[in-house]
Amino acid sequence: MKRWSTLRQTSVLDSRISGHDTTGKERWFGYLIGPTGALLLNAVLATYLNVYYTDVLGLTSLGGGAFLVIFPIVSKILTAITNVIMGYIIDRTRTRQGKARPWLLLSAPLVSLAGILLFLVPEAGTTLQVIWILFSYNLYYSFAFTMYNMSHNLMVPLSTRHSLQRGKLSVFSQISTIMMTGIIVALIFPMVILPVIGVDKSLWITVMCVISIAALPLTLLEYYFTKERVTEESTVKLNGENEEKLPFGKQLKAIASDRYMLIIMSYFLIYTIGISLKNLGLVYYCNYVLGTYNDGITQTLISVVGGIPMGIGIFAVWPLAKKFGKRNVTLAGFILVALGSAICWMFPTDMTIVLVGQFIKNLGFLPSAYIFMALFADTLDHMEWKVRFRCDGIAMSIYTTIAVALVGVCTGIFNGMLSSAGYVSPFYNEAGQLVAVQTDTVQNAITFAFVGLETITSIILIILLVFLNVEKDLDRKQKEIIAR
C-alpha cells in the first residue's frame, strides 16, 4: 500500500504544486506564464480573425454580406449548448487532479489544432470555403476554447479559500491577459506584424501556425503548476466518502435565485458587449478613422497610451481593493471609463484628444481587468454559504457562454453594421496601389462600435455595481463554510 501511494504521488499527471498555501512557482508558472499561449491565440483571434475574413479572404460580399452576419450568430447556438454541457461535466468530474484541471490538459492539443485550421481555408469553391470556416470556427469556439476557458477561469476560485492569496492569483492571471492583449496584440501586431503580412494569406497562415503551436506547451505548463485546493477540501467528507452528486436543476435553481450571482452575470453580459464591439472596431477605427491602413503608428499609439495605466495597475489596484473594497474600486473605475470613452466619441479624429480619452478610459478599466475573478470567486463562496453546496461548473458555464456566445453575436452585429453602411474591402488598383478608404457613414459606424457603445455600457455597469455588495460579511461566511 505504501509503495502504491508513492507511485500515485509521482504520477506524470500530478500537479507540481503540493502545499496548502499558494506559492511563487504557482503564481509565476501556473497563472502568469502558462496561460499566455492560449490567451495570446484567443486575443489575436478576437481582434484579427474578422479582419482576416473581411480583408484577406474578401468575404464581405459573400451571400450579399449575409454570411459574415449570420454564421457567427448561428455558430454560437452550438457554443451555448456545449458551454452548458461542459459546466455539467466539470461539476461531476472526480479525479485526483481536480474537476477542472483535467479538462485544461485535454484542451491543450485541441486549441492548437483548431487555431491552425481557422486560417488554412482552402482556395477552392465557395461551398468548400464556407464548410471549412463553419467547421474550424466551431471546433475552436464551441469545443476547444470552451474546454480551455472554463477550466482556466475556474483555477482562481478553486485554488484556495484564502482571500488574500486568491486575490494575488487573480492579479497574476489578469497580468497574463493584459500582457497578451496589451503588449503583443495591441503593440507588436500593429507595429511590426500587420505592416509586413498585409493581406498576404500565406504570411497570415505562417504567423498563426506559430502562435497556435506555441499554445500547446504553455497550456501544459499551466496544468502542471495549478492546484484545486477547494475541490480537494469539498469533494471528500470527514469519513472519507465521496460527496453525492448534485442534480443539475438544483444547481441551476440556486444560481437563478441568488441576487448577487444574477447581478454579476448581468454585469459580465453588459461588459462583454462593450468590450467585444470595441475590440472588433479597434483595427478598423485606426485604419479608417484616426489613421491610415496598417500605418504601423496609429494603433501602436492607442495601445501604448492604453497600456501605461495597465502597467501601473499591477502595483496599485490590489492595495486599493483591499482598502476600499473590490466592488467600490471597480465602480469608481467605470466612472472613468464612461468619461474617457465619451471624450473619444466627441472628438474621434483628433489624435491628441483621443489619446487623452484612451488614457482616462484604460485607467478606469484597471479594477475590472485585475480583480474581477476574485469578485466572482467571492460570489461563489457566498453561494456555497447560502445553499451549502458549490456551483462552480454551472456558474462558469453561464459565464463562458456569455463570453463566447456574445463574441459571435457582436461579430455578426458589427459585420452587419459595416455591410449596411457600405464597407469596401481594401483592393489594389491598376497602378498596384492599395486602396483602403471608407465613407463617412462607415466611419461613424466604426466609431460607435469602438467608443460610443462603451460609453453607454459603462453607465449601466455603474448602476449594477451599486447593488453588488457581496463582500459584506464574507470572512464570517467563509469561516462558517470551513466549520461545516
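This note goes through the cavities of a predicted model, taking the two largest in turn.

1. The structure contains six cavities of 30 Å³ or more, and the largest of these has a volume of about 1400 Å³, while the second largest has a volume of about 90 Å³.

2. A total of 47 residues line the largest cavity, and if you wish to find its centre in the model, the lining residues that lie nearest to that centre are Thr177, Thr181, Tyr271, Ile275 and Asn279. Two or more lining residues come from each of the helices α3 (36-56), α6 (126-159), α7 (163-197), α11 (259-290), α12 (298-324), α14 (351-364), α15 (366-387) and α16 (392-421). Among these contributors, α11 gives the largest share, with ten residues.

3. Sorted by class, the lining of the largest cavity is made up of 25 nonpolar residues, 20 polar residues and two charged residues.

4. The second largest cavity is lined by residues that include Leu45, Ala46, Leu49, Asn50 and Tyr53, together with Phe71, Pro72, Tyr137, Tyr141, Leu280, Val407 and Thr411. The elements that supply two or more residues to this lining are α3, α4 (67-91), α6 and α16, and the largest share, five residues, is from α3.

5. Which classes of residue make up the lining of the second largest cavity? There are ten nonpolar and two polar residues, and no charged residues, in that lining.

6. When you compare the two linings by element, note that α3, α6 and α16 each give two or more residues to the largest cavity and also give two or more to the second largest cavity.

Note on methods: Residues are numbered from 1 along each chain as its sequence is written. This is a predicted model: local features need pLDDT of at least 70, side-chain atom pairs count only at pLDDT 80 or more; totals for chains, interfaces and linings use all residues. Side-chain values use heavy atoms; hydrogens and water are left out. On a 1 Å grid over the protein atoms alone, a cavity is a set of points where a 1.4 Å probe fits but cannot get out, and a pocket is an open set with protein on both sides within 12 Å along at least five of seven lines; lining residues have an atom within 4 Å of a point. Grid points are joined across faces, edges and corners, and a volume is the space filled by probe spheres set on the points. Helices (H or I, at least four residues) and strands (E, at least two) are DSSP runs, numbered from the N terminus. Ala, Val, Leu, Ile, Met, Phe, Trp, Tyr, Cys and Pro count as nonpolar, Asp, Glu, Lys and Arg as charged, and the others, Gly among them, as polar.
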